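Trainee: I'd like to practise reading a single residue and then a surface feature. Can you walk me through it?

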Amino acid sequence: MSSSFKGIGFMCLGVLCLAIGDAIAKWLGEVHSPLQIIFFRTLVSLPLIALLAHFGGGLIKLSTRRPRVHLLRGLIYTGTMVCFVLGLTLLPLAEATAIAFVAPLFVTLLSVPLLGERIEGPVLVASLVGFVGVLIVVRPGGGAFHPGSLVLIGAALFYALMMITARRWGGREHLWAMVFYMTLVPFVITGLALPWVWQTPHPWHWLAFLGSGLFGVGATAFITLAFRHAPAAIAAPFDYSAMLWAVLLGWWFWGEMPDLWVFVGSALIIGSGLAIAYREGRTTLKRRPTS
């Protein structure tokens, strides 16, 4: 099997892990606060990330000289997770996933004022088309509009800011240090808030909390492997297979079936993301928000 096919396979596995993790978070959110869900997810994730760092070159990979940068990224990531998990509980899974795909468009636009990058005309047009897609999915002012859409747009904006900081400082810190401290901050914050939101989990919920953390770390590991085995331009577009999994999981567990406009808007968002990636010649797509 060629390296590129391995990369595509790892990307698809990573996206499947993300989709399952989102479904678990949505199910848990019917009973538990987003803060409690995030606490247990990060509680499971942190030792696994440290273990991966150990096998990936040793715990020295977690050393850092920029604690303030990690604190900033962790605070932004906390906002991302809270908004995304809350949004999952308010909207159908496929609709939430579609709105979350606006994150790469925010990255493109915010890179101008925050990183001093330039946007070419075709990229700007593609970004505007993507936002038209978001409006079609959200339908502000219409009968189908739900305030949860704004929460998910907030999650996408937070996530875009986190990706902007990764662009600026990621090359100076090891990957596992970036991931570890990004996860540590929401663990501490939600742990401090836990006494005020605690709901005693049902026995099945304990397994779900465990699964949420395992699938989250699995997604990070598989996606990292994907970009090691295949050029970003080949692997990254398969991120959008998450929409397929979101539709299937939403239908299977909650009987949700998106209407035509969600599919139309999703097609515009995905098309614009792929067009931007192709035009820039560095198809990273910057991922979507994850819980």
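Mentor: Sure. Keep in mind that this is a predicted model. Let's begin with T42: leaving aside its neighbours within four places in sequence, T42 is in contact with M81, T183, P186 and F187.

Trainee: Which helix holds T42?

Mentor: T42 sits in helix α2, which covers residues 34-55.

Trainee: And is T42 buried or exposed?

Mentor: The general idea is a cut-off: buried means under 20% relative accessible area. T42 has 1% relative accessibility, so T42 counts as buried.

Trainee: What does the side chain of T42 reach at 2.8 Å?

Mentor: That would be the backbone oxygen of I38. There's another backbone oxygen to look at, that of F39, which lies 2.9 Å from a polar side-chain atom of T42. For reading such pairs, the limit for a polar contact is 3.5 Å between N or O atoms.

Trainee: Now the annotation. Where does UniProt place the EamA domain?

Mentor: The UniProt record, an unreviewed entry, puts "domain: EamA" at residues 6-138 and 147-272. Across residues 6-138, the chain is 81% helix and 0% strand, with the end C-alpha atoms 36 Å apart.

Trainee: On to the surface. Which residues make the nonpolar patch?

Mentor: W27, W204, L207, L210 and L214 make it, and the patch comes to about 530 Å².

Trainee: Which helix gives the most to that patch?

Mentor: Helix α9, residues 203-229, with four residues. L207, for one, has its place in helix α9.

Definitions and conventions
Residues are numbered from 1 along each chain as its sequence is written. This is a predicted model: local features need pLDDT of at least 70, side-chain atom pairs count only at pLDDT 80 or more; totals for chains, interfaces and linings use all residues. Side-chain values use heavy atoms; hydrogens and water are left out. Helices (H or I, at least four residues) and strands (E, at least two) are DSSP runs, numbered from the N terminus. Buried means under 20% relative accessible area, exposed over 50%, partly exposed in between (1.4 Å probe, protein chains only). A polar contact is a pair of N or O atoms within 3.5 Å; within protein, one must be able to donate a hydrogen and the other to accept it, and residues adjacent in sequence count only if both atoms are side-chain atoms. Contact means heavy atoms within 4.5 Å. UniProt positions are given in the numbering used here, feature names are shortened, and annotations may be inferred rather than shown by experiment. Patches are made of residues with over 30% relative accessible area and no salt bridge: like charges are joined within 9 Å, nonpolar side chains (Val, Leu, Ile, Met, Phe, Trp, Tyr) within 5 Å. Accessible areas come from the Shrake-Rupley method with a 1.4 Å probe; for residues, only the protein chains shown count as cover. A salt bridge is a side-chain nitrogen of Lys or Arg within 4 Å of a carboxyl oxygen of Asp or Glu.
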